[in-house]
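This briefing goes through one protein chain, topic by topic. Please keep the sequence and the structure open while reading.

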Amino acid sequence: MPEQITKLKKKQWYPIVAPIQFDNAVLGETLVYEPQAMLGKTLSHSLMNLKNDVKKQNVNIQFKVIGVEGDKAITSIIGYKITSSSVKRFVRRDSEKIDISFTCETSDNLFLRVKPLIVTKSAVKGSVAAKLRNSTVLFLSKTIKKMTYDEIINDLISHKLQEMMRGNLNKTYPLKVCEIRFLGIETRRKPEEIKQVKEKHPEVKVEINEEK
């Protein structure tokens, strides 16, 4: 009986492509057996390299592979994040750091986790800090609700959203730093999914919100 030889399929390099916001530039390559294996892969890139702007070296953009076209992996933006080292440098003596984290919804029904960073030019009373915090959440929630996710990302990358936020908050107190240190898509279970899980596993506590 002739010997049967089974050829093992070799891994190949496939390019990962950025979305239109970055002119579909190649973000890198990944080594996989099949192109479909790239689906769901996440990666992070410096905004400085993506925009060729050294002033944006403290920001990372997070991507996720959402599809395959031919031999290319197509991505979408799932997050915007200022590096931790930069956040530490923003805060100096005789200033007030106001860290906030909340969720809101876009006009195209995506839920976002938003983490603004506010630093005042001098120390402030608790009542002023509370007013700045409330004004920040109110302004961003209302603004984001009127915009699609793509519009938000575009304004975030161009720093337009941050400047709008600063203009609004400066009416309350002069700010040294007015940034969004993180913005990303947050996964939420649909009510019918929660009901199904509870029926099958009543002993398990199911949370509606799931932050990545």
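At what angle do helix α4 and helix α5 pack, and how far apart are their axes? The model is predicted, and in it α4 (residues 149–157) and α5 (residues 160–169) pack at an angle of about 80°, with 5 Å between their axes. Because of that angle, α4 counts as roughly perpendicular to α5.

**Chain overview and confidence**

- The protein chain contains six helices and eleven strands.
- Of its 212 residues, 39% count as buried.
- Among the contacts in the chain with a separation of 6 or more, 56% come from residues 24 or more positions apart.
- Mean pLDDT for the chain is 85, and 84% of the residues reach 70 or more.
- Residues 1–6 have pLDDT below 50, and the model gives this stretch zero contacts beyond near neighbours in sequence.
- Residues 203–212 also have pLDDT under 50, but the model has 20 contacts for them beyond four places in sequence.

**Helices α4 and α5**

- Two packed helices are described by the angle between their axes and the distance between the axes.
- On the α4 side, the residues that meet α5 are Ile152, Asp155 and Leu156.
- Their counterparts in α5 are Lys160, Leu161 and Gln162.
- By class, the contact of α4 with α5 has three nonpolar, one polar and two charged residues.
- An α-helix has 3.6 residues a turn, so residues three or four places apart point the same way.
- The buried residues in α4 are Tyr149, Ile152, Ile153, Asp155, Leu156 and Ile157.
- Ile152, Asp155 and Leu156 are therefore buried as well as in contact with α5.
- His159 follows α4 and has a positive phi, near 75°.

**Tyr149**

- Is Tyr149, a residue of helix α4, buried or exposed? Tyr149 has a relative accessible area of 7%, so it counts as buried, the cut-off being under 20%.
- Leaving aside neighbours within four places in sequence, Tyr149 is in contact with Ile77, Ile78, Gly79, Thr106, Asp108, Leu110, Leu112, Leu183 and Ile185.
- One of these contacts, Thr106, is 43 residues from Tyr149 along the chain, and the two C-alpha atoms are separated by 6.1 Å.

**Strands β7 and β8**

- Strand β7 covers residues 102–105, and its side chains alternate between two faces.
- Phe102 and Cys104 point to one face and are buried, while Thr103 and Glu105 point to the other and are not buried.
- β7 pairs with strand β8 (residues 111–120) in the antiparallel sense, over four bridges.
- Opposite Phe102 stands Val114 in β8.
- Five residues lie between the strands in the hairpin of β7 and β8, where Asn109 takes a positive phi near 65°.

**Ser44**

- Ser44 belongs to strand β3, which spans residues 42–46.
- Why does Ser44 count as partly exposed? Its relative accessibility is 44%, which lies between the 20% limit for buried and the 50% limit for exposed, so Ser44 counts as partly exposed.
- Beyond its neighbours within four places in sequence, Ser44 is in contact with Asn60, Ile61 and Gln62.
- Ser44 and Lys64 are 20 residues apart along the chain, and their C-alpha atoms are separated by 8.9 Å.

Key. Residues are numbered from 1 along each chain as its sequence is written. Side-chain values use heavy atoms; hydrogens and water are left out. Buried means under 20% relative accessible area, exposed over 50%, partly exposed in between (1.4 Å probe, protein chains only). Contact means heavy atoms within 4.5 Å. Axes are lines fitted to C-alpha atoms, for helices over the stretch in contact, and angles run from 0 to 180 degrees between N-to-C directions. Angles under 35 degrees count as roughly parallel, over 145 as roughly antiparallel, 65 to 115 as roughly perpendicular and the rest as oblique. Ala, Val, Leu, Ile, Met, Phe, Trp, Tyr, Cys and Pro count as nonpolar, Asp, Glu, Lys and Arg as charged, and the others, Gly among them, as polar. Two strands pair if DSSP finds at least two bridges between them. pLDDT is the predictor's confidence in each residue, from 0 to 100.
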